[in-house]
Amino acid sequence: MRPLSRLPLSLAGLLLAPLAAHAQTTFFGPLPYTSTADRPAEFAPIGFEIHVEDAEDGAIDARLSVNASVIGPGGLTDSVDADDGNIDGSGSNGRSLFAGAPVVVTFSSPLPVAAGLVWTDGGTPTSATFEAFDAGGVSLGTLGPIAIGDLSNLGGTDEDRFFGIAHAAGISRIRISHTSGGYEVDHITWVTLSDGIFSDGFEAP
Ligand SMILES: [Ca+2]
Ligand SMILES: [Ca+2]
Ligand SMILES: [Ca+2]
Ligand SMILES: [Ca+2]
(Lines give C-alpha, C1' and ligand atoms only; values in the text may rest on other atoms or scores of the structure.)
(Ligands and ions follow the chains in the order given, each with its own letter.)
Protein backbone atom coordinates (compact mmCIF):
# COMPACT_ATOMS: atom_id res chain seq x y z
CA MET A 1 0.00 0.00 0.00
CA ARG A 2 1.19 3.49 -0.76
CA PRO A 3 1.46 5.40 2.52
CA LEU A 4 -0.94 8.30 2.68
CA SER A 5 1.83 10.52 4.09
CA ARG A 6 3.69 10.27 0.79
CA LEU A 7 0.79 11.69 -1.17
CA PRO A 8 0.60 15.44 -1.69
CA LEU A 9 -1.89 16.84 0.80
CA SER A 10 -4.20 18.13 -1.89
CA LEU A 11 -4.34 14.73 -3.56
CA ALA A 12 -4.94 12.97 -0.26
CA GLY A 13 -7.85 15.29 0.39
CA LEU A 14 -9.24 14.64 -3.05
CA LEU A 15 -9.13 10.90 -2.50
CA LEU A 16 -10.51 10.92 1.00
CA ALA A 17 -13.30 13.44 0.66
CA PRO A 18 -15.55 11.41 -1.65
CA LEU A 19 -15.01 8.30 0.41
CA ALA A 20 -16.29 9.78 3.64
CA ALA A 21 -19.82 8.57 2.97
CA HIS A 22 -18.52 5.06 2.40
CA ALA A 23 -16.48 4.83 5.59
CA GLN A 24 -19.69 4.37 7.53
CA THR A 25 -23.24 3.41 6.70
CA THR A 26 -24.81 6.41 4.98
CA PHE A 27 -28.34 6.72 3.62
CA PHE A 28 -29.14 9.01 0.68
CA GLY A 29 -32.52 10.54 -0.09
CA PRO A 30 -35.25 10.61 -0.81
CA LEU A 31 -33.96 12.96 -3.51
CA PRO A 32 -35.82 14.33 -6.56
CA TYR A 33 -34.49 12.45 -9.60
CA THR A 34 -35.11 12.94 -13.31
CA SER A 35 -31.82 11.56 -14.71
CA THR A 36 -28.51 10.07 -13.59
CA ALA A 37 -27.27 13.65 -13.20
CA ASP A 38 -29.35 13.80 -10.00
CA ARG A 39 -27.42 10.94 -8.39
CA PRO A 40 -25.46 12.35 -5.44
CA ALA A 41 -21.70 12.51 -6.09
CA GLU A 42 -20.94 11.05 -2.66
CA PHE A 43 -22.95 7.94 -3.55
CA ALA A 44 -20.61 6.98 -6.41
CA PRO A 45 -17.14 8.51 -5.99
CA ILE A 46 -14.85 8.91 -8.98
CA GLY A 47 -12.93 5.71 -9.61
CA PHE A 48 -15.73 3.33 -8.71
CA GLU A 49 -17.75 1.33 -11.22
CA ILE A 50 -21.32 2.59 -11.49
CA HIS A 51 -24.00 0.29 -12.86
CA VAL A 52 -27.54 1.45 -13.69
CA GLU A 53 -30.46 -0.77 -14.70
CA ASP A 54 -32.86 1.63 -16.44
CA ALA A 55 -35.06 -1.14 -17.96
CA GLU A 56 -34.83 0.50 -21.38
CA ASP A 57 -33.49 -2.63 -23.13
CA GLY A 58 -36.49 -4.56 -21.84
CA ALA A 59 -34.44 -6.95 -19.72
CA ILE A 60 -33.11 -6.97 -16.16
CA ASP A 61 -29.33 -7.22 -15.71
CA ALA A 62 -28.32 -10.82 -14.96
CA ARG A 63 -26.30 -9.67 -11.94
CA LEU A 64 -29.54 -8.67 -10.23
CA SER A 65 -32.40 -10.68 -8.82
CA VAL A 66 -35.55 -8.55 -8.73
CA ASN A 67 -39.18 -9.50 -8.03
CA ALA A 68 -40.46 -7.09 -10.68
CA SER A 69 -41.15 -7.06 -14.42
CA VAL A 70 -40.25 -4.56 -17.10
CA ILE A 71 -43.24 -2.56 -18.36
CA GLY A 72 -43.70 0.12 -21.00
CA PRO A 73 -43.46 2.21 -22.93
CA GLY A 74 -46.90 3.76 -22.77
CA GLY A 75 -49.95 3.30 -20.60
CA LEU A 76 -49.35 3.72 -16.91
CA THR A 77 -45.56 3.48 -17.19
CA ASP A 78 -43.57 5.64 -14.76
CA SER A 79 -40.01 5.58 -16.06
CA VAL A 80 -37.33 7.98 -14.90
CA ASP A 81 -38.03 11.12 -16.91
CA ALA A 82 -34.86 11.30 -19.06
CA ASP A 83 -35.11 7.71 -20.35
CA ASP A 84 -37.51 8.67 -23.18
CA GLY A 85 -35.09 11.32 -24.41
CA ASN A 86 -36.76 14.35 -22.86
CA ILE A 87 -36.89 15.69 -19.33
CA ASP A 88 -40.41 16.97 -19.74
CA GLY A 89 -42.31 15.95 -16.61
CA SER A 90 -43.39 12.58 -18.01
CA GLY A 91 -41.89 9.10 -17.86
CA SER A 92 -44.71 7.43 -19.79
CA ASN A 93 -42.65 6.76 -22.90
CA GLY A 94 -39.84 5.00 -21.09
CA ARG A 95 -39.74 1.65 -19.33
CA SER A 96 -39.83 0.85 -15.63
CA LEU A 97 -40.01 -2.11 -13.28
CA PHE A 98 -43.40 -3.03 -11.84
CA ALA A 99 -44.28 -5.30 -8.93
CA GLY A 100 -47.36 -6.00 -6.84
CA ALA A 101 -45.34 -6.34 -3.64
CA PRO A 102 -42.42 -4.55 -1.97
CA VAL A 103 -39.52 -4.55 -4.44
CA VAL A 104 -36.45 -6.50 -3.31
CA VAL A 105 -33.22 -6.28 -5.31
CA THR A 106 -30.62 -8.94 -4.48
CA PHE A 107 -27.04 -8.42 -5.67
CA SER A 108 -24.50 -11.03 -6.71
CA SER A 109 -20.78 -11.02 -5.92
CA PRO A 110 -18.88 -8.73 -5.94
CA LEU A 111 -21.37 -7.05 -3.62
CA PRO A 112 -21.83 -3.33 -4.15
CA VAL A 113 -20.46 -0.76 -1.70
CA ALA A 114 -23.39 1.52 -2.53
CA ALA A 115 -26.84 0.68 -3.88
CA GLY A 116 -30.09 2.46 -4.54
CA LEU A 117 -33.13 2.83 -6.75
CA VAL A 118 -35.64 5.40 -7.87
CA TRP A 119 -39.20 5.10 -6.62
CA THR A 120 -41.35 6.26 -9.55
CA ASP A 121 -44.96 5.41 -8.67
CA GLY A 122 -47.25 3.83 -6.12
CA GLY A 123 -50.24 4.94 -4.10
CA THR A 124 -51.58 8.43 -4.74
CA PRO A 125 -49.92 9.33 -2.46
CA THR A 126 -48.38 6.78 -0.10
CA SER A 127 -45.70 6.37 2.57
CA ALA A 128 -42.45 4.67 1.53
CA THR A 129 -39.68 2.93 3.47
CA PHE A 130 -36.26 1.95 2.08
CA GLU A 131 -34.19 -0.75 3.77
CA ALA A 132 -30.81 -2.32 3.03
CA PHE A 133 -29.03 -5.46 4.23
CA ASP A 134 -25.37 -6.26 4.76
CA ALA A 135 -23.39 -9.16 3.32
CA GLY A 136 -24.74 -11.45 6.04
CA GLY A 137 -28.36 -10.44 5.45
CA VAL A 138 -28.61 -8.28 8.57
CA SER A 139 -30.56 -5.05 8.21
CA LEU A 140 -28.46 -1.90 7.96
CA GLY A 141 -31.46 0.21 8.94
CA THR A 142 -34.28 1.99 7.22
CA LEU A 143 -35.01 5.33 5.60
CA GLY A 144 -38.62 6.34 6.13
CA PRO A 145 -41.51 5.97 6.28
CA ILE A 146 -41.75 9.13 4.19
CA ALA A 147 -44.84 10.55 2.45
CA ILE A 148 -44.29 10.35 -1.28
CA GLY A 149 -46.16 10.40 -4.58
CA ASP A 150 -48.50 12.67 -6.53
CA LEU A 151 -52.22 12.19 -7.10
CA SER A 152 -51.86 10.21 -10.35
CA ASN A 153 -50.51 6.96 -11.81
CA LEU A 154 -50.02 8.50 -15.26
CA GLY A 155 -46.26 8.90 -15.47
CA GLY A 156 -45.62 12.19 -13.71
CA THR A 157 -42.02 12.61 -12.63
CA ASP A 158 -42.08 15.42 -10.05
CA GLU A 159 -42.80 12.70 -7.46
CA ASP A 160 -39.84 10.46 -8.38
CA ARG A 161 -37.31 9.96 -5.60
CA PHE A 162 -33.89 8.32 -5.29
CA PHE A 163 -33.23 6.19 -2.21
CA GLY A 164 -29.76 4.78 -1.59
CA ILE A 165 -27.18 3.60 0.88
CA ALA A 166 -23.39 3.38 1.03
CA HIS A 167 -21.79 0.63 3.11
CA ALA A 168 -18.18 -0.24 2.35
CA ALA A 169 -18.39 -3.79 3.70
CA GLY A 170 -20.94 -4.75 1.04
CA ILE A 171 -24.70 -4.68 0.49
CA SER A 172 -26.51 -7.91 -0.30
CA ARG A 173 -29.96 -6.51 -1.02
CA ILE A 174 -32.17 -3.46 -0.89
CA ARG A 175 -35.93 -3.24 -0.41
CA ILE A 176 -38.57 -0.57 -0.88
CA SER A 177 -42.03 -0.86 0.58
CA HIS A 178 -44.98 1.50 0.82
CA THR A 179 -48.41 1.60 2.33
CA SER A 180 -50.65 1.64 -0.76
CA GLY A 181 -50.67 0.94 -4.48
CA GLY A 182 -48.55 -1.14 -6.83
CA TYR A 183 -44.82 -0.61 -7.08
CA GLU A 184 -42.86 1.06 -9.84
CA VAL A 185 -39.13 1.62 -9.61
CA ASP A 186 -36.37 2.46 -12.09
CA HIS A 187 -32.62 3.13 -12.25
CA ILE A 188 -31.54 0.40 -9.89
CA THR A 189 -28.01 1.68 -9.26
CA TRP A 190 -25.10 -0.20 -7.74
CA VAL A 191 -21.50 0.76 -7.21
CA THR A 192 -18.58 -1.63 -7.09
CA LEU A 193 -14.84 -1.29 -6.67
CA SER A 194 -13.16 -1.08 -10.06
CA ASP A 195 -10.13 -3.01 -11.19
CA GLY A 196 -6.81 -1.43 -10.29
CA ILE A 197 -8.26 1.51 -8.44
CA PHE A 198 -8.84 1.57 -4.70
CA SER A 199 -8.25 -2.17 -4.46
CA ASP A 200 -5.47 -1.35 -1.99
CA GLY A 201 -6.98 1.92 -0.90
CA PHE A 202 -5.28 4.09 -3.52
CA GLU A 203 -4.89 4.36 -7.24
CA ALA A 204 -2.02 2.30 -8.58
CA PRO A 205 1.21 4.27 -9.03
CA1 LIG B 1 -39.61 12.22 -20.26
CA1 LIG C 1 -36.50 3.59 -17.45
CA1 LIG D 1 -43.69 8.94 -11.39
CA1 LIG E 1 -47.76 8.78 -9.20
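# Strand Pairs, Burial and Contacts

Mentor: In this predicted model, β2 and β12 run antiparallel and are joined by 6 bridges. Within this arrangement, Phe48 stands opposite Leu193 of β12.

Trainee: What makes β2 and β12 a pair of strands?

Mentor: A pair requires at least two bridges between the strands. There are 6 bridges between β2 and β12, so these strands count as a pair.

Trainee: How many bridges join β5 to β12, and what does the rule make of them?

Mentor: β5 and β12 share 3 bridges and run antiparallel. Since at least two are required, β5 and β12 also count as a pair. Within β12, Glu184 is the bridge partner of Phe98.

Trainee: Which strands pair with β7, and in what sense?

Mentor: β7 pairs with β10 in the antiparallel sense over 6 bridges, and 6 bridges also join β7 to β12, again antiparallel. On the β10 side, Gly116 has Gly164 as its bridge partner. On the β12 side, Asp121 is bridged to Glu184, and Ala115 stands opposite Trp190.

Trainee: How do you know whether β7 is mostly covered or mostly open?

Mentor: The count is 8 of 8 residues buried, and β7 is therefore described as mostly covered. β12 is also mostly covered, with 10 of its 11 residues buried. For the chain as a whole, 38% of the 205 residues count as buried.

Trainee: Why does His187 count as buried or exposed?

Mentor: The cut-off for a buried residue is 20 or more other C-beta atoms within 10 Å. His187 has 25 such neighbours, so His187 counts as buried. The residue is found in strand β12, and its phi is positive, about 45°, although His187 is not a glycine.

Trainee: How do you know whether Ala55 is buried or exposed?

Mentor: Ala55 has 28 other C-beta atoms within 10 Å, and therefore meets the cut-off of 20 or more and is buried. Its place is in the loop between β2 and β3. Phi of Ala55 is near 70°, a positive value in a residue other than glycine.

Trainee: What is the count for Ala82, and how does that count stand against the cut-off?

Mentor: Ala82 has 20 other C-beta atoms within 10 Å; the rule says 20 or more, so Ala82 is buried. This residue is found in the loop between β4 and β5. Leaving aside neighbours within four places in sequence, Ala82 is in contact with Thr34, Ser35 and Ile87.

Trainee: How far apart are Ala82 and Thr36 in sequence and in space?

Mentor: They are 46 residues apart in sequence, and 8.5 Å apart from C-alpha to C-alpha.

Trainee: Why is Val104 called partly exposed?

Mentor: Partly exposed residues lie between the limits of 12 or fewer for exposed and 20 or more for buried. Val104 has 17 other C-beta atoms within 10 Å, so its count falls in between. Val104 lies in strand β6 and touches Asn67, Arg173 and Arg175, not counting residues up to four places away in sequence. Its C-alpha is 8.4 Å from that of Ala68, which is 36 residues away in sequence.

Trainee: What makes a set of residues a nonpolar core, and how many residues has the largest one here?

Mentor: A nonpolar core is made of buried nonpolar residues joined through C-beta atoms within 7 Å. The largest such core here has 38 residues, and those with the most contacts inside it are Ala114, Ala115, Leu117, Trp119, Ile176 and Val185. The elements giving two or more residues to this core are β5, β6, β7, β8, β10, β11 and β12. In soluble globular proteins, nonpolar side chains tend to be buried together.

Trainee: Which residues is Val185 in contact with, beyond its neighbours within four places in sequence?

Mentor: Its contacts include Ala68, Leu97, Val103, Leu117, Trp119 and Ile176. Across the chain, residues 24 or more positions apart account for 75% of the contacts with a separation of 6 or more.

Trainee: Which peptide bond leading to Pro125 is described by its omega, and where is Pro125 found?

Mentor: The bond from Thr124 to Pro125 is cis, with omega near -5°, and Pro125 is found in the loop between β7 and β8. The bond from Gly144 to Pro145 is also cis, with omega near 5°; Pro145 lies in strand β9.

Conventions
Residues are numbered from 1 along each chain as its sequence is written. Chains are lettered from A and ligands numbered from 1 in the order in which they are written. This is a predicted model: local features need pLDDT of at least 70, side-chain atom pairs count only at pLDDT 80 or more; totals for chains, interfaces and linings use all residues. Helices (H or I, at least four residues) and strands (E, at least two) are DSSP runs, numbered from the N terminus. Two residues are in contact if their C-beta atoms, placed from the backbone, lie within 7 Å.
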